[in-house]
Amino acid sequence: MSAALIGLSGIERIFQLGDSEVHALRHLELRIDAGEYVAVMGPSGSGKSTLLNLLGLLDHPNTGTYRLEGRDVTTLSLDEQARVRSERIGFVFQSFHLVPRLTAAENIALPMTLAGIDPAQRAVRVTQALKDYGLSDRASHRPNELSGGQRQRVAIARATIMQPAMILADEPTGNLDRATGEDVMRLLEELNRHGVTLIVVTHDAVLGARARRQLLMEDGELRHDSARQASNA
Amino acid sequence: MFLVSWWFAFLFRIMRAPDLIRFARDAATGNPLRTSLLVLAMAIGVAAVVVLTALGDGARRYVVGEFSSLGTNLVIVLPGRSQTGGFNPGNAITSTPRDLTIDDAQALLRASAVHRLAPLAIGTSEISYGGRLREVMVAGTTADYTKVRNLKLAQGRFLGEGDWRRGAAEAVIGARVRDELFGAEAALGQLIRVGDRRFRVVGIMASTGQGLGMNTDELVIVPVALAQAMFNSNTLFRILVEANGREAIEAAKAQVTEIVKQRHEGEEDVTVITQDAVLATFDKLLGALTLAVAGIAAISLAVAGILVMNVMLVSVTQRTSEIGLLKALGATGATIRNAFLTEAAMLSLAGAVLGYLLGQAGAALIRQLYPVFPAYPPDWAVVAGLGTALLTGILFGVLPARQAARLDPVQALAKR
């Protein structure tokens with residue numbers, strides 16, 4: 001059996017809204033192995049986005065531990081968490097989140113720029129990425145000069161440029177038409193085939209069904225885990 | 001692999017300075033209106049400092065220069081006692097307890113440190129020639145006046161030597177008086193009427209242009225005794241004493257004071273000032289003025305600093321989702337803070353440089369319009385202006401930068 005990439009135990013996430021408490025996540029126990037392809041599904045407000053933020057170290061549980069690659073990351077300092085995000089995690093967002101004033105190449109290079117990687121190495125890796133994602137002729141275009149599909153490809157190139165262990169995708173096809181969305185999913189699945197752990201949040205059942213493992217969230221609880229069911233059966 | 005990546009991160013986790021600068025520059029140029037307004041505000045502040053200090057310091061240099069051209073090694077005796085000992089404008093209107101007379105002036109010639117001197121009596125009178133009439137200032141003095149004051153004649157000669165208490169009915173007129181009274185006619189040798197007396201024009205002063213102290217262009221100079229008779233007064237306005245040399249100034253001052261004291265029954269009822277004291281006073285006064293206008297101009301820099309803060313705060317709000325993204329991509333709080341601080345510093349620097357150029361251009365324009373006025377900004381003001389601009393820009397950039405660095409990435413990303 002492959003090593004556990006992610007191990008969540010006893011995770012609680014409570015938001016304070018006025019004087020009422022909202023349980024975004026309740027007693028969450030979850031293990032995801034390296035190289036898995038997981039879809040997190042559920043209605044809006046079910047806590048699936050909170051789970052994704054938590055996995056991406058953008059949010060912190062109130063209680064419980066999160067072990068990433070065997071290391072407890074909940075106790076890390078903010079700067080250390082930033083470093084983990086930089087090196088191990090790639091994000092793909094529904095609304096692409098490209099920096100409008102930067103070209104496609106500069107957007108792809110951004111994580112390396114932030115990490116202080118030297119320009120020569122950046123140029124090599126960006127050129128390769130542009131080629132891999134069929135964007136070579138779009139390198140100096142700004143996001144507003146790109147189609148939706150191209151934008152998301154730039155975003156995926158950016159998410160993978162640091163060679164992360166996992167990619168967290170939040171409704172990656174939400175702003176795309178079906179054909180373009182299909183292309184984007186194929187790209188992500190191709191990455192997964194090469195060993196990158198892929199976690200996709202979606203409320204699209206068809207999209208979720210493509211994953212090898214489905215997690216269903218409801219009211220902050222994990223209602224259904226296809227892997228657990230399979231092992232139980 | 002995990003260890004390798006940690007080692008890798010340890011080695012390269014800070015954004016490189018050129019990247020930081022390029023990122024800040026792109027962020028600044030991404031919003032040209034905001035950026036140009038900010039740069040303009042900063043530029044106006046710095047330009048104000050440069051131009052105003054140029055004016056203030058120009059005034060100081062101008063006055064100092066004019067005083068120096070008044071004459072060299074000058075010791076000035078004026079009637080009345082000044083309590084402060086230094087020069088103060090009140091001296092000009094103090095009542096005279098005892099007249100300062102021509103005899104006093106003549107007695108001063110005995111002093112060993114005195115090279116030469118010229119008594120001066122001043123009043124206004126009417127001058128007329130060929131039916132043309134005008135009001136002029138009349139100065140009564142003696143032959144050495146031009147030498148003491150370093151003045152030049154355009155035509156003819158100055159007042160002749162002779163008995164100070166008598167004097168011939170001769171007058172030397174200023175260039176402007178000549179023009180207005182005689183026009184194209186020859187003035188030398190003509191008879192003019194000053195008050196109720198007639199004088200023959202023996203000389204014309206060279207034009208001095210606008211100057212401090214006394215402008216001889218509109219002056220009519222007559223022998224001191226005749227001037228006193230004309231104004232019906234025995235007292236002198238000033239005695240201008242030229243010491244034997246620079247090092248003799250203090251000795252001359254002491255001797256002059258002593259002689260007048262003896263002549264005035266032991267009472268020290270005159271004020272003796274040296275040119276150096278006058279100069280020092282004006283220098284100090286106008287230096288303080290320059291400092292004051294620099295201070296006022298610096299307020300506009302502080303205002304520009306607050307504007308920097310405001311604009312950067314708005315910028316943080318506008319770029320919230322970008323900040324969230326940068327955090328998701330692995331930027332630390334320090335990186336984001338540095339990015340915003342760099343931007344604020346760059347805007348301030350651009351504004352400061354632009355303002356410096358504008359200010360220098362403004363000072364150059366003033367020099368162009370008023371060539372006699374040396375409107376050069378002093379170095380300290382330029383350095384202080386640029387420094388203050390940068391400092392306020394960065395100082396007021398800290399708060400927005402910290403705010404950006406502290407943003408919660410989840411909320412920042414959720415904001416569209």
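This is a walk through a predicted model, from a sheet in chain A to two residues of chain B and the place where the chains meet.

Let us begin in chain A, with its open sheet of six strands. If you trace the sheet from one side to the other, the strands come in the order β6-β7-β8-β3-β9-β10, and their pairing is mixed. At the edges stand β6 and β10 (221-225) of chain A; each has a single partner strand, so one side of each is left without a neighbour in the sheet. From one strand to the next, the twist averages 20°.

A good strand to look at is β7 of chain A, which spans residues 166-170. How many of its five residues are buried? Five of the five are, so to speak, under cover, and the strand counts as mostly covered. You can see this on both faces: A:Met166, A:Leu168 and A:Asp170 point one way, while A:Ile167 and A:Ala169 point the other way, and all are buried. Notice that A:Asp170 is among these buried residues.

Now look at what flanks this strand. Strand β6 (residues 89-92) of chain A runs parallel to β7(A), and four bridges join the two. To find the pairing on screen, pick A:Ile89, whose bridge partner in β7(A) is A:Met166. With strand β8 (residues 197-201) of chain A, β7(A) also pairs in the parallel sense, this time over five bridges. Here A:Ile167 has A:Leu198 in β8(A) as its bridge partner. To get from β7(A) to β8(A), the chain passes through helix α6 (residues 178-193) of chain A, making a right-handed β-α-β crossover.

At the other end of the strand order, the pairing is antiparallel: strand β9 (residues 213-218) of chain A and β10(A) are linked by four bridges. A:Leu216 is a handy marker, with A:His224 as its bridge partner in β10(A).

Let us move to chain B. Its 416 residues, of which 42% count as buried, include 13 helices and ten strands. Among contacts in chain B with a separation of 6 or more, 83% are between residues 24 or more positions apart. Two residues show how such pairings look up close.

Take B:Ser125 to start with, in strand β2 (residues 114-129) of chain B. Why is B:Ser125 classed as partly exposed? Because 18 other C-beta atoms lie within 10 Å, whereas a residue needs 20 or more to count as buried. Beyond its neighbours within four places in sequence, B:Ser125 is in contact with B:Val136, B:Val138, B:Val194, B:Gly195 and B:Met230. B:Met137 is twelve residues away from B:Ser125 along the chain, with 6.4 Å between their C-alpha atoms.

B:Gly362 sits in helix α11 (residues 333-369) of chain B. B:Gly362 has 19 other C-beta atoms within 10 Å, and is therefore partly exposed. Leaving out residues up to four places away in sequence, B:Gly362 touches B:Ala47 and B:Val51. B:Ala54 is 308 residues from B:Gly362 in sequence, yet their C-alpha atoms are 9.2 Å apart.

Finally, let us see where the chains meet. Here 26 residues of chain B are in contact with 25 residues of chain A. On the chain B side, α1 (2-11), α2 (17-29), α10 (320-328), α11 and α13 (409-414) each supply at least two residues. Which of these gives the most? That is α10(B), with six residues. By class, this side of chain B has twelve nonpolar, seven polar and seven charged residues.

Terms used. Residues numbered from 1 in each chain as written. Chains lettered and ligands numbered in written order. Predicted model: local features only at pLDDT ≥ 70, side-chain atom pairs only at ≥ 80, totals over all residues. Buried ≥ 20, exposed ≤ 12 C-beta atoms within 10 Å, placed from the backbone. Contact = placed C-beta atoms within 7 Å. Nonpolar A, V, L, I, M, F, W, Y, C, P; charged D, E, K, R; others polar. Pairing = 2+ DSSP bridges. Right-handed = clockwise from strand over helix to strand, strands pointing away. Axes fitted to C-alpha atoms, helices over the stretch in contact; angles between N-to-C directions.
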